[in-house]
Every structure is written in C-alpha cells, then in structure tokens.
Amino acid sequence: DAGVGVQTVVFEHNFTGTLTNYTITGQNSAEYFYNYSDLAAGTYVWRSYANDTLGNRNVTDAFAYIVNKAASTVNLTVNGTDDNITLSVGMTINLSGRIITPGTGDIELYRNGTRINSGLDVISNLSYFGYVADFNITVHYNETQNYTSSYETHFVNVRDLTQPSVL
C-alpha cells in the first residue's frame, strides 16, 4: 500500500553483555542503522525489529557478529641491539623491553625463564653475566580482552674471550 510506511525500527544486541533493544541511530532512505563504537573482542548477536503504520511487524533472524582480538607486538633489545649477542664473561649489559601494540600495557622481562622485571610500557634491567653460558632473554605481553599475547626472545651468549697469554 502506498500510504504505509515504516513507523519503528529497533535493534537488539548483546554488545554490553545482555540482549537489549536500542533505538536506531540513523536512517538513509529505507536503510536503518545503529552505530556502536569501542566494541571489545568477543562474539555477539544482533537482530532488528520493525513495524509499519498499519501495525504489521517483521523480525530478522539473529546474526552472529565476531570481533577478533588484535595482535600485540613487543620489542626486546639486548645492550641496544635487537638481536642475539655474544659477550665476554664478567660484563654487565642492559636488557630492555617495550610494548609496541597496543600502545600501552604490562610487560614482563625474563632471564632463562625467571622474571627479572615487569611494568608498564617500557622496562629494563642491568644484568651481570658472570659465567660462560647461553642465556635466554624474553620480553612477554600477556593476552588481554582485546589483544593476543606476544613475546620476543634473544640469546646472550657469554664466552671466555680473554686471549691466552704466552710466557
């Protein structure tokens, strides 16, 4: 019927944790929409309801809406180098970690599996290497609601680099 028009459109979703009805945020001709920002990673459901001026009703199927976690990234430097290093026994060097993505977050610094520092965004540790061995140095970011976990590992290879003296 030419005189019949859509009277009400409502969106139902569980973006806040509970299925709730919300009024549309806009319309473009016969297209109705609902804007929502800052939606956390997770699986959600939405559907819409509409009725016209004659009282006719329609309901869409429920649709799943999945927001995936974003990848996090960290950076580890060993004495200013983003790579494995070899050094002489008895040296003290700087181990530094920082979070790149997301822009802020808690990270942890490990030496052979033992946590030696933790903190927000940028951390460091002056470490003494007093015996010959290969040391695993790792910076780690734990998974959060919106980001996956990530880590970077380098090895500090400590060697006796002292030249023998000839008598």
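**Group meeting: a pocket, its aromatics and a three-stranded sheet**

Okay, let's start with the largest pocket, which is lined by Phe 11, Glu 12, His 13, Phe 15, Tyr 34, Tyr 36, Leu 39, Trp 46, Tyr 65 and Val 67. Before I go on, please keep in mind that this is a predicted model. The space in that pocket comes to about 210 Å³. Two strands, E1 and E7 (63–67), each put at least two residues into the lining. Which of the strands gives the most to the lining? That's E1, with 3 residues.

Now, the rings. There are 10 aromatic pairs in the structure. Take Phe 11 and Trp 46: the ring centres are 6.0 Å apart and the planes sit at 45°, so we call this pair tilted. The two partners come from distant parts of the chain, with Phe 11 in strand E1 (residues 6–13) and Trp 46 in strand E5 (residues 42–52), 35 residues apart. As for exposure, Phe 11 is buried, at 11% relative accessible area, whereas Trp 46 is partly exposed, at 28%.

Next pair: Phe 15 with Tyr 44. Here the centres are 5.5 Å apart and the planes are at 85°, so this one is edge-to-face. Again we're linking distant parts of the chain: Phe 15 is in the loop between E1 and strand E2 (20–23), Tyr 44 is in E5, and 29 residues separate them. Buried or exposed, these two, Phe 15 and Tyr 44? Both are buried.

And these rings belong together: Phe 11, Phe 15, Tyr 22, Tyr 34, Tyr 36, Tyr 44, Trp 46, Phe 63 and Tyr 65 make up one aromatic cluster.

Okay, over to the sheet. It's an open one with 3 strands, in the order E8-E10-E13, and the pairing is antiparallel. E8 (73–78) and E13 are the edge strands, each with a single partner, so each has one side without a neighbour in the sheet. On average, neighbouring strands here are turned by 20° against each other, ignoring direction. Between strand E10 (residues 91–101) and E13 you'll find 8 bridges. If you want a spot to look at, Thr 92 stands opposite Tyr 128 in E13.

Stay on E13 (residues 122–129) for a second, since the side chains there alternate. On one face you have Ile 123, Asn 125, Ser 127 and Phe 129, which are buried. Val 122, Ser 124, Leu 126 and Tyr 128 point to the other face and are not buried. What sits over the ring of Phe 129? The charged end of Arg 111, 4.2 Å from the ring centre.

Last bit: backbone oddities. In general, most residues other than glycine have a negative phi, and most peptide bonds are trans. Well, Thr 101 and Pro 102 are joined by a cis peptide bond, with omega at about 0°. Pro 102 is in the loop between E10 and strand E11 (106–111).

Then there are two aspartates with positive phi. Asp 38, at about 60°, is in the loop between strand E4 (31–33) and E5, and at 77% relative accessibility Asp 38 is exposed. Asp 121, at about 70°, is in the loop between strand E12 (114–120) and E13. With a relative accessible area of 23%, Asp 121 counts as partly exposed, because buried would need a value under 20%.

That's my tour, thanks.

Technical notes
Residues are numbered from 1 along each chain as its sequence is written. This is a predicted model: local features need pLDDT of at least 70, side-chain atom pairs count only at pLDDT 80 or more; totals for chains, interfaces and linings use all residues. Side-chain values use heavy atoms; hydrogens and water are left out. Buried means under 20% relative accessible area, exposed over 50%, partly exposed in between (1.4 Å probe, protein chains only). Helices (H or I, at least four residues) and strands (E, at least two) are DSSP runs, numbered from the N terminus. Two strands pair if DSSP finds at least two bridges between them. Rings of Phe, Tyr and Trp (its six-membered ring) pair if their centres lie within 6.5 Å; planes under 30 degrees apart count as stacked, over 60 as edge-to-face and the rest as tilted. A charge sits over a ring if NZ of Lys or CZ of Arg is within 6 Å of the ring centre and within 35 degrees of the ring normal. Axes are lines fitted to C-alpha atoms, for helices over the stretch in contact, and angles run from 0 to 180 degrees between N-to-C directions. On a 1 Å grid over the protein atoms alone, a cavity is a set of points where a 1.4 Å probe fits but cannot get out, and a pocket is an open set with protein on both sides within 12 Å along at least five of seven lines; lining residues have an atom within 4 Å of a point. Grid points are joined across faces, edges and corners, and a volume is the space filled by probe spheres set on the points.
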